[in-house]
Amino acid sequence: MLVQQLLNALTLGAIYALIALGYTLVYGILAMINFAHSEVLMLGAFAAWALAGWAPAALGSGLWGAAGLLAAGMLGAGLVNVLIERLAYRRLRRAPRLAPLISAIGVSIVLQNAVFLWVSTQSLAFPQPAGTSAVSFLGASINGLQLAILGAALGLMILLHLFIARTRMGRAMRACADDLEAAKLMGVNADFVIAVTFFVGGALGGAAGVLYGMNYGSIKYNMGFLPGIKAFTAAVLGGIGSVRGAVLGGFLLGFLEVLAAGYIPNGAQWRDVVAFAALILVLLARPSGLLGERAAQKV
Amino acid sequence: MSFSRSRAFFFAAVALSACGPKEKVVKIAVAVPLTGDMGTEGQGIRRAVELAVEQANAAKRFPYKLAAAPYDDRADPKEAVNVANLIASDRQVVAVIGPYNSGCAIPAGKVYARAPVAMISPTATNPEVTVQQLSKDWIGPRVVFRVAPTDDVQSAYAAEYIFRRLGKRRMAVLHDKTPYGQGLAEQFQKAFGALGGRILSVDGISVGDKDFKALLTRIKADSGRPEGLYFGGLYAEAGLLLKQMRELGLDDPFVFVSGDGAKTPTLFDVSGDAADGAYFSIFGVPVEELPGAGRFVADYKARWGAQSLKPFDHFGYEAAQIIFDALERSGPDRERVLAQLRQTRHQGVLGLTVFDEKGDTLNKIVSMTRARAKDRSFQMVR
């Protein structure tokens with residue numbers, strides 16, 4: 001049972017971590033919470049779903065098909081996120097803090113209702129790659145899908161790390177996160193860097209949406225809300241603005257939820273209580289999160 | 001979700017009635033979920049009631065024009081109360097068919113009692129829906145009726161089926177913490193225990209949860225070795241549970257048993273083939289097995305297409321016929337319709353319907369069906 005629960009926690013945590021990265025990247029640069037991120041993840045899943053409905057034969061049902069869906073979801077969600085930034089946030093960059101926050105909530109409601117009214121009000125079946133049969137290993141039934149999800153999520157996290165640490169654009173992003181004005185004075189094209197950040201954050205969210213859809217086999221217009229709010233929590237838990245913190249927070253939340261549901265008798269209904277109580281305790285001890293910077297307040 | 005569709009319907013209805021011909025119109029409100037996960041079933045009930053209304057108008061059964069007025073409660077108790085207030089304030093409405101969910105029917109019933117206007121739920125099965133009317137805090141007359149038998153009847157049948165026919169002695173129980181799901185689960189525990197079976201664990205999940213693997217892993221590892229899972233809840237969670245059960249290797253002979261709320265073809269959209277072989281108790285019998293329903297099924301398919309028939313449509317149709325009977329005897333007046341509904345003796349698609357003093361039907365047939373994934377159907381088993 002332990003091996004199985006570990007795997008459950010890792011899969012769940014990996015998805016939370018991917019979404020949390022989207023929150024934390026945007027916060028790192030603009031110090032704003034992109035509350036539309038949960039809809040970006042939903043739209044990523046719907047983009048992949050649309051592609052699967054449009055070209056089912058070209059995709060096939062194996063791992064390559066799944067990779068195609070993942071790419072479509074990432075591209076769709078990344079572009080949507082860039083568009084949201086351009087239309088709803090850019091003009092508000094110097095406005096009081098509440099304005100972009102409310103704008104983000106507005107975008108979230110608009111997108112959710114657009115899908116609700118134009119696409120479907122109900123759960124839609126999402127294609128799952130073949131090979132989901134369970135294989136027994138150390139008393140756990142490992143299923144190929146769970147492993148693939150975990151692998152894809154970890155791969156994306158490593159790519160993100162390399163992108164931020166090793167590339168020119170990554171360095172520009174770090175510079176903007178350190179001090180946007182100073183970076184501009186050094187000749188960094190801040191608008192472009194911010195757009196790239198939104199694209200990368202959105203693409204990770206879209207990937208999470210596709211993996212979420214594959215894991216549970218169905219998607220719905222409001223599917224982003226719950227994982228979105230939990231991943232936001234994970235980002236805060238790890239220290240919002242910190243990339244490693246988002247990953248740590250995501251896995252931690254996954255483990256807490258699985259522990260509560262899996263080991264406390266009658267614990268399933270207490271799952272969210274346990275997870276969020278832990279969040280409160282962590283924040284009381286470390287207000288800027290586990291790996292957050294001490295000098296948190298950005299101006 | 002800022003603008004409510006039901007309100008749009010309402011304004012449209014007001015606008016139409018203001019400029020339409022002067023002919024007298026009497027409305028029967030249909031308050032069910034028309035969108036959202038339960039929308040498929042709600043739309044089916046709406047179509048059934050509209051069919052009944054069209055037939056009555058075509059046969060000139062009444063000296064005035066009947067109209068069905070659909071309202072969308074989104075299976076949300078708060079929205080159900082909003083909708084109930086709208087309906088109660090429309091004086092043309094003489095009776096209400098709905099709500100679909102027990103969670104909606106309990107608070108909406110209180111609103112209808114104050115109006116007062118009679119309400120017949122086609123599908124709400126939690127005992128509390130009608131029992132609440134006996135409380136001394138109840139304001140207004142008893143207005144709630146239903147044509148579906150209650151959860152205690154359904155769960156007792158499921159418990160007996162699992163214990164005697166399937167020979168299972170140890171079960172795990174899950175529910176979705178709604179009045180419907182929890183009610184079903186609690187009644188099941190009682191009945192299964194009374195037969196001598198053991199309930200190894202009881203857990204609640206939340207509507208909208210997606211991940212049950214941790215919980216199912218624990219159930220699988222339970223030292224009491226459960227032989228099956230009973231779930232009180234709706235199809236979205238049931239489908240995910242089935243899928244994740246199979247992924248964890250909880251296969252035959254481990255059984256999955258649930259109630260009528262999960263038994264809909266949409267289940268297969270969520271579960272895929274994982275639902276194959278799962279058991280679902282239902283109230284009544286499948287419409288194909290009802291001797292009195294052949295005419296209804298033929299008319300419905302002719303009016304709305306062969307694929308459009310949903311599992312509870314004949315209950316909506318029957319509720320409409322019962323209201324017509326009362327209307328014929330009383331004339332279009334809310335309170336007289338209510339008084340006549342209490343005297344109901346209606347022989348229709350469900351058989352004979354007579355209401356007891358709470359408003360519950362005395363026609364308590366329950367049966368068991370088994371999911372078949374290859375044609376997305378549910379076969380009746382004995």
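Student: How many residue pairs are in polar contact across the interface of chain A and chain B?
Tutor: The rule finds twelve such pairs, with both residues at pLDDT 80 or more. Keep in mind that this is a predicted model.

Student: Which parts of chain A supply residues to the side that touches chain B?
Tutor: Helix 1 (2–30), helix 5, strand 3 (140–143), helix 9 (190–216) and helix 11 (243–263) each supply at least two residues. Helix 5 of chain A gives the most, with five residues. By kind, the residues on this side of chain A divide into 17 nonpolar, 19 polar and two charged.

Student: What tells me how much area chain A and chain B bury between them?
Tutor: The size of an interface is often given as the accessible area lost when the parts come together. Here chain A and chain B bury about 2,900 Å², with 47% of that on carbon and sulfur atoms. In terms of contact, 38 residues of chain A meet 31 residues of chain B.

Student: Why is the meeting of B:Asp209 and A:Arg271 called a salt bridge?
Tutor: Side chains of opposite charge can pair when their charged atoms come close. The cut-off is 4 Å between a side-chain nitrogen of Lys or Arg and a carboxyl oxygen of Asp or Glu. For B:Asp209 and A:Arg271 the N to O distance is 3.4 Å, so the pair qualifies. The count between chain A and chain B is one salt bridge, while over all chains the count comes to 27.

Student: What makes B:Arg146 and B:Asp360 a salt bridge?
Tutor: Use that cut-off again: their side chains meet at 2.7 Å, N to O, which is within 4 Å, and therefore they count. This pair links distant parts of the chain, 214 residues apart. B:Arg146 sits in strand 5 (residues 144–146) of chain B, and B:Asp360 in the loop between strand 12 (351–353) and strand 13 (366–372). Both residues are buried.

Student: How do you know that B:Lys358 forms a salt bridge with B:Asp360?
Tutor: The closest N and O atoms are 3.9 Å apart, and the limit is 4 Å, so the pair passes. B:Lys358 and B:Asp360 are both buried.

Student: Which salt bridges share partners to make one network?
Tutor: Those that join A:Lys230, A:Glu257, A:Arg271, A:Asp272 and B:Asp209.

Student: Why is B:Ser121 called buried?
Tutor: Buried means under 20% relative accessible area. B:Ser121 has 0%, so the label fits. B:Ser121 lies in strand 4 (residues 118–121) of chain B. Leaving out residues up to four places away in sequence, B:Ser121 touches B:Gly98, B:Pro99, B:Phe145, B:Arg146, B:Val147 and B:Ala148.

Student: And A:Ser120, is that residue buried or exposed?
Tutor: A:Ser120 has a relative accessible area of 15%; that is under 20%, so A:Ser120 is buried. A:Ser120 lies in the loop between helix 5 (98–118) and strand 1 (124–125) of chain A. Setting aside neighbours within four places in sequence, A:Ser120 is in contact with A:Val115 and A:Tyr221.

Student: What does the side chain of A:Ser120 reach?
Tutor: The backbone nitrogen of A:Gln122, at 3.0 Å.

Methods:
Residues numbered from 1 in each chain as written. Chains lettered and ligands numbered in written order. Predicted model: local features only at pLDDT ≥ 70, side-chain atom pairs only at ≥ 80, totals over all residues. Heavy atoms only, no water. Helix = DSSP H or I, 4+ residues; strand = E, 2+ residues; numbered from the N terminus. Buried < 20%, exposed > 50% of the residue type's maximum accessible area, 1.4 Å probe, protein only. Polar contact = N/O pair within 3.5 Å; in protein donor to acceptor, adjacent residues only side chain to side chain. Contact = heavy atoms within 4.5 Å. Buried area = accessible area lost by both parts, 1.4 Å probe. Nonpolar A, V, L, I, M, F, W, Y, C, P; charged D, E, K, R; others polar.
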